[in-house]
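User: Please display the sequence and the structure, and then answer some introductory questions about them.

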Amino acid sequence: VASTPSSTTWDFTETNFAFDEKTFNGASYGNSRMSLDGTKWFTIYDQRYVTEHTLSTPFDLSTATVVRSYYFYSQANSSLANSLEFAADGTKFYIAAHNGYVYQFTCASAYDLASVTQTGSIYIDLQVDVPRDLVLSYDGKKMFITGSTNDKIVEYVLSTPFDVTTA
């Protein structure tokens, strides 16, 4: 797919696109993120867990194996969530919960849910109602969140990169 910017719109045209569908069978999965090298895949499961998968072939979901799940629901004040984001180095992840908070978690090892600690939160409900997705810039200095009941993307500036408590 090729995209061409203009002064007001983007024009997307299809070019020699090879459709190669790979499917991971599973129910109740929400948002997901991959490690930069494509060997780890993380999903929101049942709006209460982050599930870690290993991919034996990078970026190929058909080679996914479940490693473990981390139950974040109780640490998110019993609130469901759909959104998930990881810091670029894989040592932190973030969940925007339906209760209007973004929760920050730290992994003892990069992209590894074996040892996780909640390390902060920020209340965002005044700007974003029922968060649906969360993205951090690669350098961790900005966080973008969209909600389900308003038509906007809210940008937060983090004074300390990858630390949502400094937004």
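User: What is the relative accessible area of Asp-112, and is this residue buried, exposed or partly exposed?

Analyst: This is a predicted model, in which local features need pLDDT of at least 70, side-chain atom pairs count only at pLDDT 80 or more, and totals for chains, interfaces and linings use all residues. Residues are numbered from 1 along each chain as its sequence is written, while side-chain values use heavy atoms, with hydrogens and water left out. Buried means under 20% relative accessible area, exposed over 50%, and partly exposed in between (1.4 Å probe, protein chains only). Asp-112 counts as partly exposed, its relative accessible area being 22%.

User: With which residue does Asp-112 form a salt bridge?

Analyst: A salt bridge is a side-chain nitrogen of Lys or Arg within 4 Å of a carboxyl oxygen of Asp or Glu. For Asp-112, the closest N and O atoms of such a pair are 2.9 Å apart, and the partner is Arg-68.

User: How many residues apart in sequence are the parts that this pair ties together?

Analyst: Strands (E, at least two residues) and helices (H or I, at least four) are DSSP runs, numbered from the N terminus. Asp-112 lies in strand E10 (residues 112-123) and Arg-68 in strand E6, so their salt bridge joins parts whose separation in sequence, in residues, is 44.

User: Which residue other than Asp-112 meets Arg-68 in a salt bridge, and is that residue buried or exposed?

Analyst: The side chain of Arg-68 also meets that of Glu-52, at 3.0 Å from N to O. Here strand E5 (residues 49-55) holds Glu-52 and strand E6 (residues 64-71) holds Arg-68, and the two residues are 16 apart. Arg-68 is partly exposed at 29%. The partner has a relative accessible area of 0%, so the residue asked for is a buried one, Glu-52.

User: Which residues are linked in a network of salt bridges?

Analyst: A search of the whole structure finds seven salt bridges. The residues linked in a network are Lys-40, Glu-52, Arg-68 and Asp-112.

User: How far apart are the closest N and O atoms of Arg-48 and Asp-46?

Analyst: Both residues are partly exposed, Arg-48 at 26% relative accessibility and Asp-46 at 31%. They form a salt bridge, and the closest N and O atoms are separated by 3.5 Å.

User: What is the phi of Tyr-111?

Analyst: Most residues other than glycine have a negative phi. Tyr-111 is found in the loop between strand E9 (101-109) and E10, and it is buried at 13% relative accessible area. Its phi is positive, near 50°.

User: Which residue in the segment after strand E13 has a positive phi?

Analyst: The segment in question follows residues 153-157, which form strand E13. The residue is buried, with a relative accessible area of 17%. Its phi is near 65°, although it is not a glycine, and its name is Phe-162.

User: How many strands does the protein have?

Analyst: Every element listed from the N terminus on is a β element. The protein contains zero helices, and its strands number 13.

User: What share of the 167 residues is buried?

Analyst: The accessible surface, obtained by the Shrake-Rupley method with a 1.4 Å probe (for residues, only the protein chains shown count as cover), comes to about 9000 Å². Carbon and sulfur atoms account for 50% of that surface. Among the 167 residues, the buried share is 39%.
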